[in-house]
Amino acid sequence: MQITPREMFQRMQQQWLSHSTALTGDDLADDVIIETPFARPGGPTRFEGKRQFLEFANPRRAAFPVRFDGCRATAVHDTQDPETIIVEYELTGTSTTTNRQSTAAFIGVLTVRDGKVVLWREYQNTLAIMQAIG
């Protein structure tokens with residue numbers, strides 16, 4: 001099934017807002033590379049393969065004290081590679097411990113091949129995330 005990177009990002013947004021505690025990985029290639037170069041110190045910044053990512057992400061997602069309320073793409077940039085886009089977006093969430101709502105900005109590089117994500121590189125504003133968590 002052909003799916004564009006823009007369509008895949010829309011799917012990702014829907015998944016983030018679904019409030020599901022577990023990611024299925026249905027949209028990830030088995031050999032997906034997921035990178036978070038600006039991740040919180042001490043945590044991994046690169047995952048190689050769907051299984052490695054899900055084993056790390058699902059327990060943390062279930063315990064993450066934020067409910068995502070909105071995701072707004074502020075800009076989507078095409079690249080010379082038609083399978084890759086760069087997306088600027090904002091995630092808005094509410095802390096489940098303080099009930100305070102916050103918004104953080106992100107930049108992601110998304111490559112989709114054969115209907116699956118093969119690369120997701122997310123540049124996070126870790127300070128904004130830590131402040132939102134409280």
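Here's a quick briefing on the nonpolar core, the aromatic pairs and the salt bridges of this structure. Keep in mind that the model is predicted. The largest nonpolar core has 26 residues, and the structure also holds 10 aromatic pairs and 10 salt bridges. Trp16 is a handy place to start, since this residue turns up both among the core members with the most contacts to other members and in an aromatic cluster.

**The core**

- Within the largest nonpolar core, the members that touch the most others are Phe9, Trp16, Phe53, Tyr89, Leu110 and Trp120.
- Helices and strands both feed this core: α1 (5–17), α2 (50–63) and α3 (126–133) each give at least two residues, and so do β1 (28–35), β4 (84–95), β5 (101–113) and β6 (116–124).
- Leaving aside residues up to four places away in sequence, Trp16 touches Phe9, Arg61, Phe68, Cys71, Tyr89, Leu91 and Trp120.
- As a general point, nonpolar side chains in soluble globular proteins tend to be buried together.

**Aromatic pairs**

- Among the 10 aromatic pairs is Trp16 with Tyr89, which counts as stacked because the planes sit at 25°, under the 30-degree limit; the ring centres are 5.4 Å apart.
- That pair links distant parts of the chain, with Trp16 in helix α1 and Tyr89 in strand β4, 73 residues apart.
- Both partners are buried: Trp16 has a relative accessible area of 14%, and Tyr89 has 1%.
- Phe47 and Phe56 make a tilted pair, 4.9 Å centre to centre with 40° between the planes; Phe47 is buried at 6% relative accessibility, whereas Phe56 is partly exposed at 26%.
- One aromatic cluster brings together Phe9, Trp16, Tyr89, Phe106 and Trp120.

**Salt bridges**

- Arg6 and Asp78 meet through their side chains at 3.2 Å, N to O. Arg6 is in helix α1 and Asp78 in strand β3 (residues 66–78), so this bridge ties together parts 72 residues apart in sequence.
- Of these two, Arg6 is partly exposed at 39% relative accessible area, while Asp78 is exposed at 56%.
- Asp69 and Arg67 form another salt bridge, at 3.0 Å from N to O; Asp69 is partly exposed at 33%, and Arg67 is partly exposed at 37%.
- Glu83 bridges to Arg113, with the closest N and O atoms 3.0 Å apart. Glu83 lies in the loop between β3 and β4 and Arg113 in strand β5, so the pair ties together parts 30 residues apart in sequence.
- Glu83 is partly exposed at 27%, and Arg113 is partly exposed at 37%.
- Glu35, Arg46, Glu48 and Arg121 are joined into one network by salt bridges that share partners.

Notes
Residues are numbered from 1 along each chain as its sequence is written. This is a predicted model: local features need pLDDT of at least 70, side-chain atom pairs count only at pLDDT 80 or more; totals for chains, interfaces and linings use all residues. Side-chain values use heavy atoms; hydrogens and water are left out. A nonpolar core is a set of buried Ala, Val, Leu, Ile, Met, Phe, Trp, Tyr and Cys residues joined through side-chain atoms within 4.5 Å. Buried means under 20% relative accessible area, exposed over 50%, partly exposed in between (1.4 Å probe, protein chains only). Helices (H or I, at least four residues) and strands (E, at least two) are DSSP runs, numbered from the N terminus. Contact means heavy atoms within 4.5 Å. Rings of Phe, Tyr and Trp (its six-membered ring) pair if their centres lie within 6.5 Å; planes under 30 degrees apart count as stacked, over 60 as edge-to-face and the rest as tilted. A salt bridge is a side-chain nitrogen of Lys or Arg within 4 Å of a carboxyl oxygen of Asp or Glu.
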